[in-house]
Amino acid sequence: MSTNTIVSLPDQSTATLPKDNYLNREYGLLSWLLTKDHKRIAILYMVSLSFFFAIGGAMAGLIRLELLTPQSSLMSSDTYNKVFTMHGVIMIFLFLVPSVPATLGNFFIPMMIGAKDLALPRINLLSWYLYVLGGILVLYTMISGGVDTGWTFTTPLSTHYVNTNVISTCMAVFIAGFSSIFTGLNFLVTIHKMRAPGMTWFRLPLFVWAHYAASVQMVLATPVVAIAITLLMLERTVGIGIFDPTKGGDPLLFQHLFWFYSHPAVYIMILPGMGVISEVISTFSRKRVFGYKAVAFSSVAIAVFGFFVWAHHMFIMGISNYAVLVFSLLSMLVAVPSAIKVFNWSFTLYKGSITFEAPMLYAFGFLGLFTIGGMSGVFLGTAGTDIHLTETYFIVAHFHFVMVGGMLMAFLAGIHFWWPKMTGRMYPAKLSQMAAVVTFIGFNLTFFPQFILGMLGMPRRYASYPPEFQALNVLSTAGASILGIGYLLSVLYLLWSLKYGEVAGDNPWQATGLEWQCQSPPLTENFTEMPIMDHEAYDYAWLESKNRDSRKEEAPSAE
Amino acid sequence: MRGWKARIGIAGKKRRPVPNSQATANSGPDGGEHGENHDHPSYLRHHFHSVEQQADAANFAMWIFLATEAMFFGGLFTAYLVYRNWYFPAFVAGSHQLNVIWGTLNTVVLILSSFTMAMGVWCAETGRRRGLVLCLSLTFVLGIGFLGIKGIEYREKIEKHHFPGLQYNLSSFLDPQSDPDVFKQYHDKPLSLDMARHTEIYFSLYFAMTGMHALHMIVGIGVLGFMIFRARAGAYTSGHVTFVENFGLYWHFVDIVWIYLFALLYLISRH
């Protein structure tokens with residue numbers, strides 16, 4: 001009786017690729033560039049995101065190479081400033097913010113809720129074009145001399161003191177921001193208005209809940225950074241003085257407006273990743289996510305609290321002590337819903353039938369690294385320790401643990417989890433598990449030494465450092481190359497699998513989401529008939545009985 | 001130990017009552033699952049079940065978009081709030097440079113345009129093609145009129161060197177009597193040099209806020225032009241009124257923003 005939730009994986013050898021699917025219904029470049037199919041737009045996003053991730057990654061490589069030696073030996077300090085700025089701008093605005101929502105969210109939210117498409121397909125395509133335009137502007141900035149303000153565009157440095165391409169970078173951020181607003185808007189409308197019959201709010205997969213929370217933030221926070229950098233651009237070009245201290249303007253106001261977006265932005269980045277982790281952990285431990293409602297509401301709680309903690313980026317910038325106190329307390333509060341998630345995922349694992357496929361390995365990586373990243377955030381949210389640690393490598397290590405260790409691991413988990421659904425083919429199992437382990441090792445080797453460097457007081461954003469820090473920096477650079485190999489490995493076998501991978505079949509992981517109940521790759525209209533949701537999310541008993549029924553149907557014909 | 005499994009076992013059998021959208025999807029003459037044979041209007045997009053769902057979604061999207069717009073202007077209003085508290089005398093002196101008569105006239109023009117827009121939506125809903133074209137055209141003209149008056153005001157400010165930047169001139173605030181038109185009306189006292197400098201913040205906000213507002217007007221007028229063109233062909237008077245309704249929401253929103261701007265920028269020291 002209790003074994004009925006342990007599902008035997010289906011036999012893949014007999015599976016064939018469906019003749020008609022979203023990939024082969026139309027051919028030609030225009031059928032992609034003018035498509036309104038959410039799945040094709042997701043693929044467009046995935047290709048362009050990977051391109052920018054490669055550039056941002058190359059920048060990271062240059063940074064680590066430069067930091068191999070205490071002197072600035074590979075490049076001048078000016079070039080170094082430009083390189084780390086570009087790394088930040090590309091990774092944040094062109095990779096992390098759109099990563100999971102624009103690819104996996106775009107592809108799977110309509111399928112998970114049983115819809116044929118997002119509510120606004122043309123806006124969806126427009127948002128991709130805006131993203132590409134933003135990307136082109138960043139590339140233009142890069143080849144026309146770069147920008148060296150850091151990704152935070154701190155005034156008055158950015159308005160008065162630097163002679164680099166601040167305007168084109170700000171335009172790029174502005175435009176990419178609108179792409180993000182449109183994505184969020186589309187998700188909100190879709191989740192509200194497009195759910196299939198029977199798909200109540202508490203039957204939604206947690207992936208959808210996480211995207212809902214992130215979308216609220218995209219829609220409400222992004223316009224604030226848009227106006228902040230608009231004012232910055234106006235100050236730089238026509239000379240209005242809203243952030244100019246010589247006229248009585250306050251540079252701190254820019255910081256407030258900027259972080260009012262850029263702090264929620266970290267939740268925009270991490271929440272969709274958390275959605276992926278919920279799906280993956282449930283599937284590979286064959287259990288309903290423990291405390292479904294708690295996990296769903298913790299996403300919403302993160303979205304709400306996320307709006308009230310921005311000034312913890314500004315503890316040393318001259319805000320009042322009372323503000324520091326309040327924002328410190330509020331920052332601690334945000335740890336509560338994050339912890340609820342981590343505990344509930346752990347309880348989901350408890351007595352589950354765990355298997356260790358590649359997506360699950362990445363999810364485990366996420367659990368550990370996100371927890372370390374989050375805990376180190378408590379040090380930084382505490383005003384006393386923050387004064388010692390801010391602007392050091394401790395900060396760098398902290399947000400890389402959350403963003404690379406958390407978000408990127410979640411992104412890779414999601415890509416590996418849904419790859420068979422998106423492409424219809426399976427990647428090599430052993431190789432992918434190996435890549436996950438290599439990535440995990442490389443990541444820890446790269447970023448853990450940076451915690452120690454930060455504690456010892458090595459400041460961030462300098463091309464040179466005192467020689468006593470060299471050993472740990474060499475360790476970090478060595479780790480970065482291992483990390484790079486891990487990523488490269490996944491890219492290679494994923495591309496290989498497009499042509500040579502085994503045919504995956506409809507539901508290779510025996511997952512319960514609606515997206516797994518149709519063919520892979522899916523039809524352009526997703527479902528042959530409108531799905532009706534008649535069970536809870538993550539209901540493995542339902543899946544088992546469905547499989548039993550389909551076996552019964554097949555049996556007579558076999559005789 | 002098996003509590004959760006049992007729960008899921010029960011949950012798996014439980015069927016919730018089917019929501020309404022199912023009923024609408026199946027309510028066609030053939031009662032089919034998909035309804036390809038339904039008598040669908042041509043504007044129903046393939047991924048929606050029904051016209052109501054499509055209109056609902058578009059409407060909801062517009063409201064969310066307006067929320068983002070509110071946050072966009074919210075950044076400016078925050079800046080205004082901070083600096084008005086810090087530099088109140090400078091804000092009063094700066095406000096006295098604005099022409100309340102032009103401002104009031106512009107407010108009237110914009111409220112009128114909101115009225116014609118609302119009439120336009122009504123015309124679309126009741127299938128009055130010529131009425132719709134007329135209302136949209138009136139809205140268009142009133143919008144252009146607003147921008148024209150705004151242009152006159154901008155020119156006055158630029159001529160007096162009250163546009164922020166290198167050319168910015170403090171004389172109206174250091175020595176109000178050198179600016180007889182305004183002095184006659186308000187009898188302002190001279191400001192200290194420090195406070196006079198802060199008037200530049202006021203005008204930075206004035207140009208940024210009204211400029212962003214004008215930009216929204218320009219976009220709106222552009223869309224209006226497109227709509228007039230389409231309305232003449234009868235696009236919105238055969239049942240598909242969502243676009244007109246949603247544009248109406250946008251236009252009213254831009255109007256409301258102006259009401260706030262008018263009060264905050266023009267009427268600071270009036271009670």
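## Salt bridges across the interface

In this predicted model, the count between chain A and chain B is 2 salt bridges. One of them pairs Lys193(A) with Asp56(B), where the closest N and O atoms sit 3.3 Å apart. Beyond salt bridges, the rule picks up 11 residue pairs in polar contact across the interface of chain A and chain B, both partners at pLDDT 80 or more.

On the chain A side, the elements that give two or more residues to the surface touching chain B are H5 (121-143), H7 (166-193), H8 (206-237), H9 (251-285) and H17 (540-558), each of them a helix. H8(A) gives the most, with 9 residues. Sorted by class, that side of chain A has 32 nonpolar, 12 polar and 16 charged residues.

## How much gets buried

Contacts bring together 60 residues of chain A and 51 residues of chain B. Between them the two chains bury about 4700 Å², and 69% of that is on carbon and sulfur atoms. Lys193(A), Lys247(A) and Met530(A) supply 13% of the area that chain A buries against chain B, more than any other three residues. So Lys193(A) turns up twice here: in that trio, and as the salt-bridge partner of Asp56(B).

## Chain B by itself

Chain B has 10 helices and 0 strands, so there's not much suspense in its pattern along the sequence: α-α-α-α-α-α-α-α-α-α. Of its 271 residues, 47% count as buried. Take the contacts in chain B with a separation of 6 or more, and 77% of them come from residues 24 or more positions apart. The accessible surface of chain B is about 13600 Å², with 63% belonging to carbon and sulfur atoms.

## Salt bridges elsewhere

Over all chains, the structure holds 12 salt bridges. In chain A, the side chains of Lys39(A) and Asp37(A) meet at 3.1 Å, N to O. Both ends are buried, Lys39(A) at 0% relative accessible area and Asp37(A) at 8%.

Glu536(A) and Arg203(A) form another, at 3.5 Å. Glu536(A) lies in the loop between strand E2 (502-503) and H17 of chain A, while Arg203(A) lies in the loop between H7 and H8, so the pair ties together parts 333 residues apart in sequence. Glu536(A) and Arg203(A) are both buried.

Over in chain B, Glu156(B) and Lys157(B) form a salt bridge with the closest N and O atoms 3.8 Å apart. Glu156(B) is partly exposed at 28%, whereas Lys157(B) is buried at 2%. Finally, Asp20(A), Arg25(A) and Glu525(A) are joined into one network by salt bridges that share partners.

Terms used: Residues numbered from 1 in each chain as written. Chains lettered and ligands numbered in written order. Predicted model: local features only at pLDDT ≥ 70, side-chain atom pairs only at ≥ 80, totals over all residues. Heavy atoms only, no water. Contact = heavy atoms within 4.5 Å. Buried area = accessible area lost by both parts, 1.4 Å probe. Salt bridge = Lys/Arg side-chain N within 4 Å of Asp/Glu carboxyl O. Polar contact = N/O pair within 3.5 Å; in protein donor to acceptor, adjacent residues only side chain to side chain. Helix = DSSP H or I, 4+ residues; strand = E, 2+ residues; numbered from the N terminus. Nonpolar A, V, L, I, M, F, W, Y, C, P; charged D, E, K, R; others polar. Buried < 20%, exposed > 50% of the residue type's maximum accessible area, 1.4 Å probe, protein only. Areas by Shrake-Rupley, 256 points an atom, 1.4 Å probe, with all protein chains shown as cover.
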